[in-house]
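Here are some comments on the model you sent, set out as numbered points. Please read them with the coordinates open beside you.

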Amino acid sequence: MEMGTSRVEGLVSYVKRLAYAHNVKVNSLVSYLITLHPNPLIHPKSANNQILSNGMSRMINVVAESLEKLNLMHDLKFSTMLPWQSIINYKTLLGNHKKWCTVCLREWKENGVEMYDPLIWDLGILNICPEHFVKLNDSCPNLNCKSYQWYGMDSFVVGHCQTCNEFLGVEEPETENINIINKEITAWDIWVANNLRDMVVKAPNLTIPKQEKMYTILNNCINDFFQGNRINLCKALEIEYFRFRKIEEAQYRLSLRSFLLLSYLTKLRVTDLIYYGLK
C-alpha cells in the first residue's frame with residue numbers, strides 16, 4: 001500500500017482489490033468485515049454497505065478497524081483522511097468523480113506494478129500529480145468515450161475505463177504534450193500538491209490538534225499575518241464571519257480548501273501550520 005509515501009493506496013482501492021482476489025462483491029466483503037469489528041454493537045444493517053470514498057465516514061473507520069483486527073495491515077486509517085477529521089470539514093473534501101495521473105499509470109504498467117488508486121487522487125482540490133507535476137486526467141482518453149470514472153462503480157480493472165475498458169494512462173512518454181500542459185500549472189496548484197503530499201506522508205508522525213485548538217491557531221495567524229483583522233482573514237479563507245465564530249466555539253471545521261488557503265497566504269506548510277502558536 002506504499003504507506004509513508006505520497007502514493008499510499010486509498011483504503012477503498014485496497015478493499016476492492018481484496019474483494020477481487022477472493023472473487024466476492026465489494027459490498028459482501030464490507031458486510032463481512034463489519035461483523036468482525038471489535039464492537040459487538042456494530043453489525044451490517046443491510047446488504048448494501050457501500051464504502052465509496054476514503055473520507056471520514058463512520059463506515060470507512062469501521063472497515064479500517066476490522067481489517068486491522070484481522071492483522072492484515074496496521075494503521076489503515078492513514079490510507080484515509082480520518083486522521084484529519086478533528087480540524088478539517090468532510091464536506092467538499094473529495095471529488096465528484098475519479099482523477100488520475102496518466103504518467104503514474106504508464107510507469108506502473110511498464111514495471112509490472114499492480115495498479116491501484118492512491119489516496120491523494122481522491123482529494124477534490126488536487127489538480128496535478130505531486131510526483132510528476134502534470135495535470136490529473138478526469139475522463140477517458142478514448143475520443144469515442146470520454147466518460148468520467150465514478151467512485152460507486154465496482155470496477156476491479158484499475159487503470160482502465162469503466163465504460164470502454166480503454167487504458168487510462170499514456171502508452172508512450174509524451175514529452176511535448178506534457179510540457180504544454182505544465183504551462184497551465186499555477187503556483188497555487190504546486191503549493192496544494194506539495195502540501196497534500198506532506199499531509200499524506202507525514203500524518204502517521206504528526207500530533208494533529210483537537211478541534212478546539214483550531215481557534216488558537218487562527219487567532220495567532222490573524223495577529224501575525226492579517227493585522228488583527230478577522231474580516232480580512234474570513235475573506236482570504238472564503239468563509240463567512242459567523243463560521244469563524246463557530247470555530248471559536250469548536251462547532252465548525254475549515255474546509256480543506258480554506259485550510260490550504262491559510263497555508264498558502266501565510267507561507268506556512270500545513271504540517272507546520274497545525275502547530276503554529278501552540279505550546
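**Notes on helix ends, packing and rings**

1. Lysine 267, which comes just after helix 10, takes a positive phi of about 60 degrees. Please keep in mind here, and in the points below, that this is a predicted model. The side chain of lysine 267 is also of interest, since its charged end sits over the ring of tyrosine 264, at 3.9 Å from the ring centre, and lysine 267 lies over the face of tryptophan 191 as well, where the distance to the ring centre is 5.4 Å.

2. Helix 10 itself, spanning residues 256-266, is mostly covered, with eight of its 11 residues buried. The buried residues are Leu256, Ser258, Phe259, Leu260, Leu261, Leu262, Ser263 and Thr266, so that serine and threonine appear in this list beside leucine and phenylalanine. As for partners, the buried residues of helix 10 pack against helix 6 (187-202), helix 7, helix 8 (230-237) and helix 11.

3. Helix 4 can be read in a similar way, beginning with its end: glycine 112, just after helix 4, takes a positive phi of about 70 degrees. The buried residues of helix 4 are Thr102, Val103, Cys104, Leu105, Arg106 and Trp108, and it may be worth looking at Arg106, an arginine, within that buried set. Trp108 has a further role in the ring pairs, which link Trp108, Tyr116 and Trp121 into a cluster.

4. Which members of the largest nonpolar core touch the most others? That core has 86 residues, and the two in question are Trp84 and Leu196. Once its neighbours within four places in sequence are left aside, tryptophan 84 is in contact with Met56, Met199, Ala203, Leu206, Ile208, Val270 and Ile274.

5. A search of the whole structure for aromatic pairs finds eight. In one of them, the ring centres of phenylalanine 225 and tyrosine 276 are 5.9 Å apart and the planes stand at 45 degrees, so this pair is tilted. Phenylalanine 225 belongs to helix 7 (residues 214-225), whereas tyrosine 276 is in the segment after helix 11 (270-273), and the pair therefore ties together parts that are 51 residues apart in sequence. Phenylalanine 225 counts as partly exposed, because its relative accessibility is 31%.

6. The rings of tyrosine 241 and phenylalanine 244 form a stacked pair, because their planes are at 25 degrees, with the centres 6.2 Å apart. Both residues lie in helix 9 (residues 241-248), where they are three residues apart, about one turn of the helix. Are the two partners buried or exposed? Tyrosine 241 counts as partly exposed at 34% relative accessibility, while phenylalanine 244, at 0%, counts as buried.

7. Two loop residues should be checked for their backbone angles. Threonine 92 has a positive phi of about 60 degrees although it is not a glycine; threonine 92 is found in the loop between helix 3 (58-69) and helix 4 (102-110), and it counts as exposed because its relative accessibility is 68%. Asparagine 165, which is not a glycine either, has a positive phi of about 70 degrees. The place of asparagine 165 is in the loop between helix 4 and helix 5 (175-182), and, with a relative accessible area of 46%, asparagine 165 is partly exposed.

Terms used. Residues numbered from 1 in each chain as written. Predicted model: local features only at pLDDT ≥ 70, side-chain atom pairs only at ≥ 80, totals over all residues. Heavy atoms only, no water. Core = buried A, V, L, I, M, F, W, Y, C linked by side-chain atoms within 4.5 Å. Buried < 20%, exposed > 50% of the residue type's maximum accessible area, 1.4 Å probe, protein only. Contact = heavy atoms within 4.5 Å. Phe/Tyr/Trp six-rings, centres within 6.5 Å; stacked < 30°, edge-to-face > 60°. Helix = DSSP H or I, 4+ residues; strand = E, 2+ residues; numbered from the N terminus. Lys NZ or Arg CZ within 6 Å of the ring centre and 35° of its normal.
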